[in-house]
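Please read this briefing alongside the sequence and the coordinates shown below. The points are grouped by topic, so that each can be checked against the residues concerned.

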Amino acid sequence: MAASTVTKKGSGEASRKWGNDSMWWSVFAIVCIAAAATRFYKVTEPDHVCWDETHFGKMGSWYINRTFFFDVHPPLGKMLIALSGYMTGYNGTFPFEKPGDKYEDTNYVGMRAFCTFLGACIIPFGFLTVWEMTRSLTASSYAAAFLVCDVGMLTLTQYILLDPILLFFIMASAYGIMKFNSFKNRAFSTQWWFWLSFTGVMLACSLCVKFVGMFIVMWIGLHTISELWIILGDLSKPFMYTVKHFAARVVCLIVLPAIIYALFFYIHLKVLYKSGLGDGYFSSEFQSKLEGNSLYNASMPRELAFGAVITLKNHRTGGGYLHSHWHLYPEGVGARQQQITTYTHKDNNNKWIVRRYKEDAPVENDIEGIEFVKHGMLVRLTHEATGRNLHSHREQAPITKKHLQVTGYGESGEGDANDVWIILAEGGKEGDVITTVTSKLLFIHYLQRCMLTTTGKQLPAWASEQQEVTCSPNLRNKNGIWNVEDNFFPKLPNVSFEVYAPSFFERFLESHAVMLQANAGLKPKEGETTSQPWQWPINYKGQFFSGSNYRVYLLGNPIIWWANLVCLAVFAVIFFINSVRYQRGYQDPPHIQEIKTSSLDSCVWLSIGWALHYIPFWGMGRVLYFHHYFPALLFSSMLTGVMLSYISHSLAILLPDSLKNSVHHWFNGLIFSAVVYSFYLFSPLAYGMSGPSSNEANSTMHGLKWMDSWEF
């Protein structure tokens, strides 16, 4: 009799476990199917270039063609786009010139499908992350529903962009650390090591797609510090146990990601070995490694002589070439003389002739008929294409008003005394000959006693948005260092410059210096739609991905976005109340306390994740766009899922038994129905709109224009 009772009890527990498992797998399958169905629907439409596909599709082509280029983001995302295109038959020939260009017979679908696949995977990862944090199927389902039904997330992950790749790796990193945390009672097991290493790899990938991947690194870093602090407080374990945990995390979350991150850059620099449009952002030594560049296997005179035709490269990180063209400074911007700028691309307008300060000056022949340029000599630089001399005078620079204006002046090399410069080699002494590439040069104006420099500030459209060149009164200005890059002088023998080619580590460091500087200095292009951080959480304004007859508009699902804000506020209130209750010694029953602790602890970490991915943008000086908010949206959507589940459980606890099930099901049904229906209403924003815009009363979208700032 007793044995029979035990058998029935065991089979009942197994049946419940199987029922719970089958329910979990059924829900997870629905989540995966919904993610795939909503993301891959109309993935081939529109069949033209949309928004930033013009950039990242083009960069994928450059990888396929091995052509070097410069971008402000690390390389992994673009390499994956190129790989997906190459493996699905794209040959790298489509120009991706501008949004709206028809793809025609180009095989673009593979790249779109790859990005869409990663975008679809975000949703199962979100479900699994919340599950690992709460062990609540309701919370996981809510989080997945909010991610599936957000039309903004859908739009952003259906195109050839870096964003779906970045969001995928961020979400995978979050899942990895939470899955790893679930093995804390099996420390140093095979699964424990696997998930810790998996997290490290995903962190490296996040950071190597965009630098904002640093925010997920910070989040996992804070979580790791918290876990180590708890381990340190476990007095049942020796101190060396904590040291072992610390060492394991250093290896898997710092050393391993650093190696993988560097490996991606090694592949990037190996693949892009041909000279391209991005050469000019980098130093002369860097360019000497690019096949087809004028410095690759360079053979040119070692010494600089009068009469040579040269180009001058600024040593500022990402600095361009000293440049001029026929355009004059506009009325009201100093003297109306020829513009002098720096330009980051190789161009015939970068060429200058080195001349004596006056033609009848005494000649010191170092070799018969040849006079070398030496440290401390007076020189003129004449622009080869226009015949104007490099010139400065007592007029304010265009942007930097404390500096003097630099212009092109004179005719056919004939000018005045304001064209004379003293050439100095950094660390040089009288009689030292100026050398190509290796001499770091300063040009001091002979009369004004100021230094030729570039400020790095972008000039307006009248100067083709090139960079400002000035004469700085600060003779120690670090932006006033130049080097001779090209040296054309047939009377001198040529020497090879292969000896100056940098190592991988030097190129790795220079790449980062250039990217970080360019990223910080990004400014909006004329007519470009930008936004401010305060606008993002309230879904104030979207942006067009595709215009004309097939309109796609990036805008969040307002029901979801505003619910996220409400749940953030509700969490803050509940957390405060519970903190006060705890401080005053109130105790909840164990089963209630378990749910409360699990939910609120999860929300604490998710709110930190949201804040880390959102608040730093308030302090950024660079141009910002609406899509920068979407990593933060991942965390706020997961937090909303946990909070709604917590509220649902709290109602069930507070209500009498006769109402518990009804209210629980009605509450969940109402939330899921509202979210799904809002997706149905706003899905045309992602899947494409035609006909009148929402401003017109006869538009099918007119009733959905809830805010005047929405432009669809």
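Helix H15 is mostly covered, with 19 of its 25 residues buried. The model is a predicted one, and the bullets below turn from this helix and its partner to some backbone features in loops.

**Helix H15 and its packing against H4**

- From its first C-alpha to its last, H15 reaches 36 Å over 25 residues, which is close to the 36 Å expected at 1.5 Å a residue.
- The axes of H4 (residues 109–134) and H15 (residues 630–654) come within 11 Å of each other and cross at roughly 50°; because of that angle, H4 is oblique to H15.
- The crossing in which H4 passes H15 is right-handed.
- On the H4 side, Ile122, Gly126, Thr129, Val130 and Thr134 make the contact, and they meet Leu634, Met638 and Val642 of H15.
- Sorted by character, the residues of this contact between H4 and H15 comprise five nonpolar, three polar and no charged.

**A cis peptide bond**

- Glu45 and Pro46 are joined by a cis peptide bond, with omega at about -10°, and Pro46 is found in the loop between helix H1 (2–40) and helix H2 (53–64).

**Positive phi outside glycine**

- Arg135, in the loop between H4 and helix H5 (137–148), has a positive phi near 55° although this residue is not a glycine; Arg135 counts as partly exposed because its relative accessibility is 48%.
- Arg449, in the loop between strand E10 (441–445) and strand E11 (451–458), likewise is not a glycine and has a positive phi of about 55°; with 46% relative accessibility, Arg449 counts as partly exposed.

Conventions
Residues are numbered from 1 along each chain as its sequence is written. This is a predicted model: local features need pLDDT of at least 70, side-chain atom pairs count only at pLDDT 80 or more; totals for chains, interfaces and linings use all residues. Side-chain values use heavy atoms; hydrogens and water are left out. Axes are lines fitted to C-alpha atoms, for helices over the stretch in contact, and angles run from 0 to 180 degrees between N-to-C directions. Helices (H or I, at least four residues) and strands (E, at least two) are DSSP runs, numbered from the N terminus. Angles under 35 degrees count as roughly parallel, over 145 as roughly antiparallel, 65 to 115 as roughly perpendicular and the rest as oblique. A crossing is left-handed if the near helix is turned anticlockwise from the far one by less than a right angle, and right-handed if clockwise. Contact means heavy atoms within 4.5 Å. Ala, Val, Leu, Ile, Met, Phe, Trp, Tyr, Cys and Pro count as nonpolar, Asp, Glu, Lys and Arg as charged, and the others, Gly among them, as polar. The expected span of a helix is 1.5 Å times one less than its number of residues. Buried means under 20% relative accessible area, exposed over 50%, partly exposed in between (1.4 Å probe, protein chains only).
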